[in-house]
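Thanks for making time, everyone. Please have the viewer open, and I'll walk you through one chain.

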Amino acid sequence: ITILIMRLGYVQLVNPEKYTDRATLQQLKDEIVIPKRGTITDRNGKTLAISIKTYDILVEKLYIEGYVEESAGIFNKVLGVPEDEFYKKYKDDSKRFYIAKNVTQEKVDALYEAKVKGIKLEENSQREYPYGSFASHVIGHVSKDNRGLAGIEAYFDRELSGVNGRRIILKDAKEREVIDSEVRYHEPQDGYQITLTIDEVIQRYVEKVTNQAFIDSNAVSVTSIVMDPKTGEILAMASKPDYNLNDPRVPVNAEQKKQFEKAQTIDEQSAIISKMWRNPAVNDVYEPGSTFKIVTAATGLELDLIRPDEVFYDAGYVKVNDRRINNWTSVPYGAIDFRKATVESVNTVFVEVGNRIGKTAFLEYIRSFGYGQKTGIEIPGEATGIIYNEKNLRPVELATMSFGQGISVTPIQMVAAASVIANDGKLVKPTLIKEISTSEGDIVKRSEIEVVKNPISAVTASKVLNIMESVGEAARYAQ
């Protein structure tokens, strides 16, 4: 007893703050308060991604002693938790265990109506996409713990996630929360809301025609983009096949399903899923072909090396070194002016224009149109495309490049470059973001028009636009 009295005196009189602090720490519990992830809407405020409040449910073993069988039945009936799973968790060594996560308010209410005992709710949230696969490659999706994995969700994960709050409470000797014992509470900061430039009506129409093209052509992939050439705002961006944002790990395309079922390993399945999540409009490259002739024509006109009414002679093919380069048709056009050569997509004429431009100037103009570099659009993993360097651009490569072969571009680069013609020669940065705001509606950032370069003059742009109108008219009359 004497020793105990001496020890008690020592604790009370010698450095009592040390033991007071230890006791306080043992009595306090610090919890993270998760903020609500910001919503994503189209340009007119239609909700495309939203977080709904859910709960992770903890079961305190002490409070269900004598009610174990009854509790197992309630959790099975309301939450669908198998009773053997409940008993397995109940029999482990912990004082509490999670019985379910991301449970909706409706099911929580049902648990209380069933008079369940011993549960503790931890507030959480679950991401929902009201329109399923709508604009899936643009919006992207989140992981189970609400971290962005693709699209806008990944690119703006920090802005959408918000800032965690904190809650400090008192706990008893058995580590249970003391009722009404909140010591301190730091409000979480909800994530920002993102308003896209996408127009839901235009996007739906584009997705419809893109899907029809995908079916009719039996293609591996089809991509469509609608961009305002003056502002760079993307009004629609669709690729088929796509995926369901609410169930992102399950292929919806028949061919992808087949590949997934044949996959032998988890790594092979993951590769298929990752490919499914890629946005072909931004992440993939292709050989542009004749659509690239816009750049060749614009460069030749800007440098005053050709005229729209200038007459060329087409023999049906042209020889460059030891290589024979043919037109798409075997019938020679003979004498043909540049406008008509563009309408008919005559390769030999564009080879001649490429030769007049020369490799140094041609590469300079190609880069000024935005090729070989990222556009900066707000999608993760944007590809840069592939263009020649001057050293490797020999006469044959220069010839084929003039009509869009031997180089690789992304669809978004192609759309941005074509928009130069409709925008008085100015290249603008494409964007998917109209504005970013707080949950209270205060504007944090509003997108501004960003002119990247001025590759050609307004006069040249007008000439090329006039030629392109002729191409459109010819295509219309051919139908």
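I'll start with the whole chain, then take a hairpin, some helix packing and two single residues.

First, a caution: this is a predicted model. Keep that in mind throughout.

Now the overview. The chain has 479 residues, and 45% of them are buried. It has 19 helices and 18 strands. Look at the contacts next. Take those between residues at least 6 apart in sequence: 72% of them join residues at least 24 apart.

On to the hairpin. Find strand E9, residues 222–227. Its partner is E10, and the two pair in the antiparallel sense. There are six bridges between them. Which residue in E10 is the bridge partner of Thr223? That is Ser239. Six residues sit between the two strands of this hairpin. One of the turn residues is Gly232, with a positive phi of about 85°.

How many residues of E10 are buried? Seven of the seven, across residues 234–240. So E10 is largely enclosed by the rest of the structure.

Next, helices. Start at H13, residues 293–302. We'll look at two of its packing partners.

Partner one is H15, residues 347–357. The axes of H13 and H15 are 10 Å apart, at an angle of about 50°. That angle makes H13 oblique to H15. The crossing of H13 and H15 is left-handed. Who meets whom? On the H13 side, we have Lys293, Thr296, Ala297, Thr299 and Gly300. On the H15 side, they meet Asn347, Phe350, Val353, Gly354 and Ile357. Sort the residues of this contact of H13 with H15 by class, and you get four nonpolar, five polar and one charged.

Partner two is H16, residues 359–368. H13 and H16 pack at an angle of about 115°, and again the axes are 10 Å apart. H13 passes H16 in a right-handed crossing. From H13 come Val295, Thr296, Thr299 and Glu302. From H16 come Phe362, Tyr365 and Ile366. By class, the contact of H13 with H16 holds four nonpolar, two polar and one charged residues.

Back to H15 for a moment. Is it mostly covered or mostly open? Mostly covered: eight of its eleven residues are buried. Among them are Asn347, Phe350, Val353, Gly354 and Ile357. Those names should be familiar, since they are the H15 residues that meet H13. Right after H15 comes Gly358, with a positive phi near 85°.

Now a single residue: Asp314, in strand E11, residues 311–314. Is Asp314 buried or exposed? Its relative accessibility is 0%, so Asp314 counts as buried. What does it touch, beyond neighbours within four places in sequence? The contacts of Asp314 are Asn327, Pro332, Tyr333, Gly334, Ile336, Val346 and Thr348. Thr348 is also one of the buried residues of H15. And here is a distance to check on screen. Asp314 and Asn347 are 33 residues apart in sequence, yet their C-alpha atoms are 9.0 Å apart in space.

Last stop: Glu397, in helix H17, residues 395–401. Its relative accessible area is 16%. The cut-off for buried is under 20%, so Glu397 is buried, at 16%. Setting aside residues up to four places away in sequence, Glu397 touches Tyr388 and Asn392.

That's the tour. Questions are welcome.

Note on methods:
Residues numbered from 1 in each chain as written. Predicted model: local features only at pLDDT ≥ 70, side-chain atom pairs only at ≥ 80, totals over all residues. Heavy atoms only, no water. Helix = DSSP H or I, 4+ residues; strand = E, 2+ residues; numbered from the N terminus. Buried < 20%, exposed > 50% of the residue type's maximum accessible area, 1.4 Å probe, protein only. Contact = heavy atoms within 4.5 Å. Pairing = 2+ DSSP bridges. Axes fitted to C-alpha atoms, helices over the stretch in contact; angles between N-to-C directions. Parallel < 35°, antiparallel > 145°, perpendicular 65-115°, else oblique. Left-handed = near helix turned anticlockwise from the far one by under 90°. Nonpolar A, V, L, I, M, F, W, Y, C, P; charged D, E, K, R; others polar.
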